[in-house]
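Thank you for making time this morning. I would like to walk you slowly through one structure, and I will begin as soon as it is on the screen.

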Amino acid sequence: MSDQGFTLRTFTVSDLERVMHINTKCLPENYSQFFYKDLYTRFPETFVLAEMDGEVQGYIMCRIEKGWSKRGKLTPTRLCHVVSIAVMEDYRRKGIGKTLVEEGMRRGRRTYDCKEGYLEVRIGNEAAVNLYAKLGFTKVKRNYGYYLDGEDAWMMAAPLDEF
Ligand code: ACO
Ligand code: ZN
């Protein structure tokens, strides 16, 4: 138990239903069972859960990619892509989201040798943009009409040496 009252652990298959529940409660971007299965079989270490009050209340899931650095240099880079993160509404503003991103990025660096983290976030999602900025992510690109409803996304990225 952390001093903040929640604990982190790695995702297991039996958590799938709960994670899909949190995802549909918290975000309009929802995924098939196959999509989750592909992520947790390929990159199990960066699929992290936060538990509080005897139940999973938050998750982060990442995909490890080889690509170009998102931070302006034309350098082939191993990237830790935050595909999705969410915390149940009653459990927000307790540090869970921040701790999940920190742990996901740390594991991306240590386990998969990633050099950079990145993600897309709705430009109107102030909570998430603030959270990422607090952790050293900067806006590197605006993806116009990225979401199905037409909203733009910020792509945000951070070097992983600090994590
Ligand atoms: N308004 C402004 N700033 C906020 C807010 C908010 N509502 N929430 C968090 N922040 C910022 C603050 O700087 C906060 O630090 P502070 O509490 O000391 O001021 C910092 O982020 C850390 O907050 P946490 O408590 O760690 O974050 P939380 O556990 O509440 O989770 C999250 C944040 C995941 C964004 C949550 O609000 C959520 O689940 N939202 C709905 C789903 C979502 O938007 N997910 C991100 C989509 S983008 C993607 O998945 C790649
Ligand atoms: Zn993405």
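**Helices, ligands and loops**

Let me start with helix H4, which spans residues 126–134 and whose buried residues are Ala-128, Val-129, Leu-131 and Tyr-132. Looking down the axis of H4, we find these buried residues within an arc of 160 degrees, so they line one face of the helix. On the other side of H4 sit the exposed residues Glu-126, Ala-127 and Lys-134.

Before going further, I should say that this is a predicted model, in which local features need pLDDT of at least 70 and side-chain atom pairs count only at pLDDT 80 or more, while totals for chains, interfaces and linings use all residues. Residues are numbered from 1 along each chain as its sequence is written, chains are lettered from A and ligands numbered from 1 in the order in which they are written, and side-chain values use heavy atoms, with hydrogens and water left out.

A few words on terms: buried means under 20% relative accessible area, exposed means over 50%, and partly exposed is in between, using a 1.4 Å probe and protein chains only. Helices (H or I, at least four residues) and strands (E, at least two) are DSSP runs numbered from the N terminus, and an arc is that of the directions from the helix axis to the C-beta atoms.

Back to H4: the cover over its buried residues includes strand S4 (76–87), helix H3 (96–112), strand S5 (116–122), strand S6 (138–143) and strand S7 (153–159). After H4 comes Gly-136, whose phi is positive, near 95 degrees.

The other helices I want to show can be described in a similar way. In helix H1 (16–26), the buried residues are Leu-16, Arg-18, Val-19, Ile-22 and Asn-23. Viewed down the axis of H1, they fall within an arc of 165 degrees, so they line one face of the helix, and the face turned away from that buried side carries the exposed residues Glu-17 and Lys-25. The buried residues of H1 are covered by elements including H2, S2, S3 and S4.

In H2, Tyr-36, Leu-39 and Tyr-40 are buried, and down the axis of H2 these residues fall within an arc of 90 degrees, so they too line one face of the helix. Phe-34 and Thr-41 are exposed on the face of H2 turned away from its buried side, whereas the buried residues of H2 pack against H1, S3 and S4. As general background, an α-helix has 3.6 residues a turn, so residues three or four places apart point the same way.

Now, which residues are closest to ligand 1? Among the 24 residues that surround ligand 1 (each with a heavy atom within 4 Å of it), the closest are Val-87, Gly-97, Lys-98, Asn-125 and Lys-134. An oxygen atom of ligand 1 lies 2.8 Å from a backbone N or O atom of Val-87, and a backbone N or O atom of Gly-97 is likewise 2.8 Å from an oxygen atom of the ligand. In the case of Lys-134, an N or O atom in the side chain lies 2.7 Å from an oxygen atom of ligand 1. On its own, ligand 1 has 970 Å² of accessible area, of which the protein covers 80%; such areas come from the Shrake-Rupley method with a 1.4 Å probe, and for residues only the protein chains shown count as cover.

Ligand 2 is a zinc ion, and its protein donors are His-81 (NE2) and Glu-120 (OE), lying 1.8 to 2.0 Å from it. This pair links distant parts of the chain, with His-81 in strand S4 and Glu-120 in strand S5, 39 residues apart. Are these two residues buried or exposed? Both His-81 and Glu-120 are buried. Donors here are N, O and S atoms within 2.8 Å of the metal (3.2 Å for Na, K and Ca), and as water is not among the atoms, sites may look incomplete.

Finally, the loops. Thr-46 lies between helix H2 (33–42) and strand S2 (48–52), and is buried, with a relative accessible area of 0%. By contrast, Asp-53, in the loop between S2 and strand S3 (55–68), counts as exposed at 61% relative accessibility, and its phi is positive, near 55 degrees, in a residue other than glycine. Arg-93, in the loop between S4 and H3, also has a positive phi, of about 60 degrees, although it is not a glycine, and it counts as exposed at 88% relative accessibility.

Technical notes:
Contact means heavy atoms within 4.5 Å. A polar contact is a pair of N or O atoms within 3.5 Å; within protein, one must be able to donate a hydrogen and the other to accept it, and residues adjacent in sequence count only if both atoms are side-chain atoms.
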